[in-house]
Amino acid sequence: MTTKNIPAGIVIFGAKGDLTRRKLIPALYNLFIGKYLPASFRIYCVDYLAVNTEEYKKDLQAGVNEFSRNGKAEESVWNEFAARVTYLQGDFLKADTFIALKNALEAFDKKNNKRGTRTFYYAIAPRFIEILSEALYKHFLCNRDNIDRIVVEKPFG
């Protein structure tokens, strides 16, 4: 079985930040148009700010149009990609955030009839690294050694 057949849940913590708009979403969009992402994937953008989902997706598209190495997004392709993006408002210090995320990931797994891979991308301030990691552990969100990953963007030292 190739990874193309394994569903993927991609979670971006700090989803309203500059890193997400300038780097992460353009990179994921480029992987999508190059057909390097699994057939079934979902991107969960988590941040504490309340946003209008459609305005948020328009802002992400503007980021792709400005920063993608492939230039402006074709509208129909962008719409197909954006349909797989979900914004979740939540405070990293509150259990409700992780319960909502767990429910979303489990619904995605149920839709696919299997537990998919999970990648948690920390586009956050360093002070949240330990908090998020403990919450992911406590709520059993990142608990499969061979298929779950945490990506920490911040340098240490």
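This report covers two pockets, helix H1 and the surroundings of Trp78 in a predicted model.

## Largest pocket

The largest pocket has a volume of about 290 Å³. Its lining consists of 14 residues, and those nearest the pocket centre are Ala8, Ile10, Leu37, Pro38 and Thr119. Three elements each give two or more residues to this lining: strand E1 (8–13), helix H1 (18–33) and strand E4 (117–122).

By residue class, the lining of the largest pocket has eleven nonpolar and three polar residues, with no charged ones.

## Second largest pocket

For the second largest pocket the volume is about 230 Å³. It is lined by 16 residues, of which Gly14, Asp47, Tyr48, Phe92 and Ile124 are the closest to its centre. H1 supplies the largest share of this lining, three residues.

Charged residues do occur in the lining of the second largest pocket: there are five, next to eight nonpolar and three polar.

## Helix H1

H1 has 16 residues. From its first C-alpha to its last it reaches 22 Å, close to the 22 Å expected at 1.5 Å a residue. The helix nevertheless bends by about 30° at Leu24, and a proline, Pro26, follows within four residues. After the end of H1 comes Lys35, which has a positive phi, near 65°.

The buried residues of H1 are Thr20, Leu24, Ile25, Pro26, Leu28, Tyr29, Asn30 and Phe32. Both the bend residue Leu24 and the proline Pro26 are therefore in the buried set, given the cut-off of under 20% relative accessible area. An α-helix has 3.6 residues a turn, so residues three or four places apart point the same way. The buried residues of H1 pack against several elements, namely E1, strand E2 (41–47), helix H2 (53–67), H3 and E4. Of these, E1 and E4 also give two or more residues each to the lining of the largest pocket, as does H1.

## Trp78 and its contacts

Trp78 lies in helix H3, which spans residues 75–82. Its relative accessibility is 3%, so Trp78 counts as buried, the limit being under 20%.

Leaving aside residues up to four places away in sequence, Trp78 touches Ile25, Tyr29, Lys57, Leu60, Gln61, Val64 and Ala73. Two of these partners, Ile25 and Tyr29, are among the buried residues of H1. Ile33 is 45 residues from Trp78 in sequence, while the C-alpha atoms of the two are 9.1 Å apart in space.

Note on methods
Residues numbered from 1 in each chain as written. Predicted model: local features only at pLDDT ≥ 70, side-chain atom pairs only at ≥ 80, totals over all residues. Heavy atoms only, no water. 1 Å grid on protein atoms, 1.4 Å probe; cavity = no way out; pocket = protein on both sides within 12 Å on 5 of 7 lines; lining within 4 Å. Points joined across faces, edges and corners; volume = space filled by probe spheres on them. Nonpolar A, V, L, I, M, F, W, Y, C, P; charged D, E, K, R; others polar. Buried < 20%, exposed > 50% of the residue type's maximum accessible area, 1.4 Å probe, protein only. Contact = heavy atoms within 4.5 Å. Expected span 1.5 Å × (residues − 1). Bend = angle between axes of the 7 residues up to and from the residue.
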